[in-house]
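Biologist: I'd like to learn how to read a model like this one. Can we go through it feature by feature?

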Amino acid sequence: MALIADPDEELVRRVGRGDPAAIQAMVARKLPRMLALAQRMLGDASEAEDVAQDAMLRAWKQAPRWTPGQAKFDTWLHRVGLNLCYDRLRRRRETPTATPPERPDPGPAPDRGLLAGDVGMRVDAALARLPDRQREAIVLCHYQELTNIEAAALMEVSVDALESLLSRGRRALRQALADIRPGAEGAGV
């Protein structure tokens, strides 16, 4: 098995030794991506912050025991973040409530001058309605900017399976957003 070059190897080693500057650098480098991943997967800013902080705490605790060369630290951290998101999504489905949770009004925003925000909310809502694995593939490749190979490894599927998930997810997003597509050409969905 070939060793994998990891750009974070030295940083993780320094974090493992308790170097405060390295810990600060890791948080600065990784927290925004973890927050974005969790926000896209969960659709809730508060929960996303909790997940991102928990992922960073686990990274800090794992750093002294990290064995370089088997996987990139960033790949491991993304897997931790995804697992934390899935734990929360599972709890949402399993928690019966007396009244349904409040949902944002799917209608147009009251202020049509904020069209870009409205489009963003529509994209987020359409993304949230995708099946979990399709949403995960879209988030990893389009929002987290992982390569197909990295995303497939993270999801523990073949590259062909990832590309199939991406294709189905993109198709579903195109259908859900068909009415806004002409004004959003080049948006990358």
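Biologist: Let's start with the basics: how many helices and how many strands are there in the chain?

Modeller: Keep in mind that this is a predicted model. The chain has eight helices and zero strands. Read from the N terminus, the elements go α-α-α-α-α-α-α-α.

Biologist: And what share of the residues counts as buried?

Modeller: Of the 189 residues in the chain, 32% are buried. As for contacts with a separation of 6 or more, 63% of them come from residues 24 or more positions apart.

Biologist: Let's take one helix. How do I check the length of α8 against what its 18 residues should span?

Modeller: You count 1.5 Å a residue, so the 18 residues of α8 should span 26 Å. The C-alpha atoms at the ends of α8 are 25 Å apart, which agrees.

Biologist: Which residues of α8 are buried?

Modeller: Here's the general idea first: an α-helix has 3.6 residues a turn, so residues three or four places apart point the same way. In α8, the buried ones are L162, L165, L166, G169 and L173. Looking down the axis of α8, you find its buried residues within an arc of 100 degrees, so they line one face of the helix. D160 and Q175 are exposed, on the other side of α8.

Biologist: Now a pair of helices. At what angle do α6 and α8 pack?

Modeller: Helix α6, residues 132-143, packs against helix α8, residues 159-176, at about 95 degrees, and their axes are 8 Å apart. Angles of 65 to 115 degrees count as roughly perpendicular, which is why α6 is called roughly perpendicular to α8.

Biologist: Which residues meet there?

Modeller: From α6 you have R133, Q134, A137, I138, C141 and H142. They meet L162, L165, L166, R168, G169, R170 and L173 of α8. Sorted by class, the contact of α6 with α8 has seven nonpolar, three polar and three charged residues. L162, L165, L166, G169 and L173 turn up again here, and they are the buried residues of α8.

Biologist: What about E136: buried or exposed?

Modeller: The cut-off for buried is under 20% relative accessible area. E136, which sits in helix α6, has 0% relative accessibility, so it counts as buried. Leaving out residues up to four places away in sequence, E136 touches M41, R79, L82, Y86 and M155.

Biologist: Moving on to backbone angles, what is phi of E145?

Modeller: As a general rule, most residues other than glycine have a negative phi. E145 has a positive value, near 60 degrees, and is not a glycine. E145 belongs to the loop between α6 and α7 and, at 63% relative accessibility, is exposed.

Biologist: And what is phi of E156?

Modeller: Phi of E156 is positive too, about 60 degrees, although E156 is not a glycine. You'll find E156 in the loop between α7 and α8, exposed at 71% relative accessible area.

Biologist: One last loop residue: where is A63, and what does A63 touch?

Modeller: A63 is in the loop between α3 and α4. At 5% relative accessibility, A63 counts as buried. Not counting residues up to four places away in sequence, A63 touches V12, V15 and G16. For a distance to check on screen, try A63 and I23: they are 40 residues apart along the chain, and their C-alpha atoms are separated by 10.0 Å.

Methods: Residues are numbered from 1 along each chain as its sequence is written. This is a predicted model: local features need pLDDT of at least 70, side-chain atom pairs count only at pLDDT 80 or more; totals for chains, interfaces and linings use all residues. Side-chain values use heavy atoms; hydrogens and water are left out. Axes are lines fitted to C-alpha atoms, for helices over the stretch in contact, and angles run from 0 to 180 degrees between N-to-C directions. Helices (H or I, at least four residues) and strands (E, at least two) are DSSP runs, numbered from the N terminus. Angles under 35 degrees count as roughly parallel, over 145 as roughly antiparallel, 65 to 115 as roughly perpendicular and the rest as oblique. Contact means heavy atoms within 4.5 Å. Ala, Val, Leu, Ile, Met, Phe, Trp, Tyr, Cys and Pro count as nonpolar, Asp, Glu, Lys and Arg as charged, and the others, Gly among them, as polar. Buried means under 20% relative accessible area, exposed over 50%, partly exposed in between (1.4 Å probe, protein chains only). The expected span of a helix is 1.5 Å times one less than its number of residues. The arc is that of the directions from the helix axis to the C-beta atoms.
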